[in-house]
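The following exercises practise the reading of side-chain contacts in a protein model. Please work through each task before consulting its solution.

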Amino acid sequence: MFRRFAVLTVLLAALSGATTAQSAEANGTWLTQAGDARVKISKCGGGICGHIVWLREPMDTATGQPATDSKNPNPALAKRSMIGLPLFSGMQPAGPNRWSGQIYNADDGNTYASSVTVTSAESLRVEGCVGALCGGETWSRVGR
């Protein structure tokens with residue numbers, strides 16, 4: 001009886017570890033901390049890519065047209081739609097459940113050094129830095 005219990009315990013521990021490893025992936029759709037956008041993250045080359053798939057306010061209130069990347073300093077890019085907008089570039093593995101690269105901030109049209117870390121099955125920490133000034137927010141997984 002004790003042996004069956006020990007085998008069952010080892011099996012459950014192994015299965016639990018497999019579930020934890022799977023849930024630590026960044027792949028999926030994430031809601032920003034402010035709840036104003038959803039970002040789909042997927043594998044991209046050896047790293048990850050992320051692009052906007054939903055906006056709380058998809059229309060530009062000033063024009064009545066779909067929201068565009070209007071704060072981008074490049075006039076050609078300022079006309080692109082916010083839906084589908086790529087946010088990450090060069091995000092490569094930087095440790096377990098962590099990637100480093102750059103993130104585009106559509107609020108100001110600038111790109112910043114960034115890191116993305118899966119902190120739990122349901123939380124993703126996104127951080128960006130300009131020189132020594134750093135900030136970040138925690139995103140929540142949407143629908144599993």
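Four exercises on this predicted model follow, each with a worked solution.

**Exercise 1. The aromatic pair**

Task: Determine how the rings of F88 and W139 are arranged, and state which strands hold these residues.

Solution:
- Step 1. A pair of aromatic rings is described by the distance of the centres and the angle of the planes.
- Step 2. A search of the whole structure yields one aromatic pair. Its members are F88 and W139, whose ring centres are 6.4 Å apart and whose planes meet at 10°, so the pair is stacked. The cut-off needed here is that planes under 30 degrees apart count as stacked.
- Step 3. F88 belongs to strand β4 (residues 88-95) and W139 to strand β8 (residues 133-142), so the pair ties together parts that are 51 residues apart in sequence.
- Step 4. F88 has a relative accessible area of 7% and is buried. W139, with a value of 4%, is buried. The cut-off for buried is under 20%.

**Exercise 2. The salt bridges**

Task: State how many salt bridges a search of the whole structure finds, and describe them.

Solution:
- Step 1. Side chains of opposite charge can pair when their charged atoms come close.
- Step 2. The search finds two salt bridges. In one of them, D69 pairs with R80, and the closest N and O atoms are 3.1 Å apart.
- Step 3. D69 and R80 both lie in the loop between β3 (47-55) and β4, so this pair ties together parts that are 11 residues apart in sequence.
- Step 4. D69 is buried at 0% relative accessibility, whereas R80 is partly exposed at 26%.
- Step 5. E127 and R125 also form a salt bridge, with an N to O distance of 3.3 Å. E127 is partly exposed at 31% relative accessibility, and R125 is partly exposed at 26%.

**Exercise 3. Charges over rings**

Task: Identify the ring over which R80 places its charged end, and the residue whose face lies under R38.

Solution:
- Step 1. The charged end of R80 is located over the ring of Y104, at 5.5 Å from the ring centre. R80 is also the partner of D69 in a salt bridge.
- Step 2. R38 lies over the face of W54, and its distance from the ring centre is 4.8 Å.

**Exercise 4. The surroundings of C44**

Task: Is C44 buried, partly exposed or exposed?

Solution:
- Step 1. C44 is part of strand β2 (residues 37-44).
- Step 2. Its relative accessibility is 32%, so C44 counts as partly exposed.
- Step 3. C44 and M91 are 47 residues apart along the chain, and their C-alpha atoms are separated by 8.6 Å.

Definitions and conventions
Residues are numbered from 1 along each chain as its sequence is written. This is a predicted model: local features need pLDDT of at least 70, side-chain atom pairs count only at pLDDT 80 or more; totals for chains, interfaces and linings use all residues. Side-chain values use heavy atoms; hydrogens and water are left out. Rings of Phe, Tyr and Trp (its six-membered ring) pair if their centres lie within 6.5 Å; planes under 30 degrees apart count as stacked, over 60 as edge-to-face and the rest as tilted. Helices (H or I, at least four residues) and strands (E, at least two) are DSSP runs, numbered from the N terminus. Buried means under 20% relative accessible area, exposed over 50%, partly exposed in between (1.4 Å probe, protein chains only). A charge sits over a ring if NZ of Lys or CZ of Arg is within 6 Å of the ring centre and within 35 degrees of the ring normal. A salt bridge is a side-chain nitrogen of Lys or Arg within 4 Å of a carboxyl oxygen of Asp or Glu.
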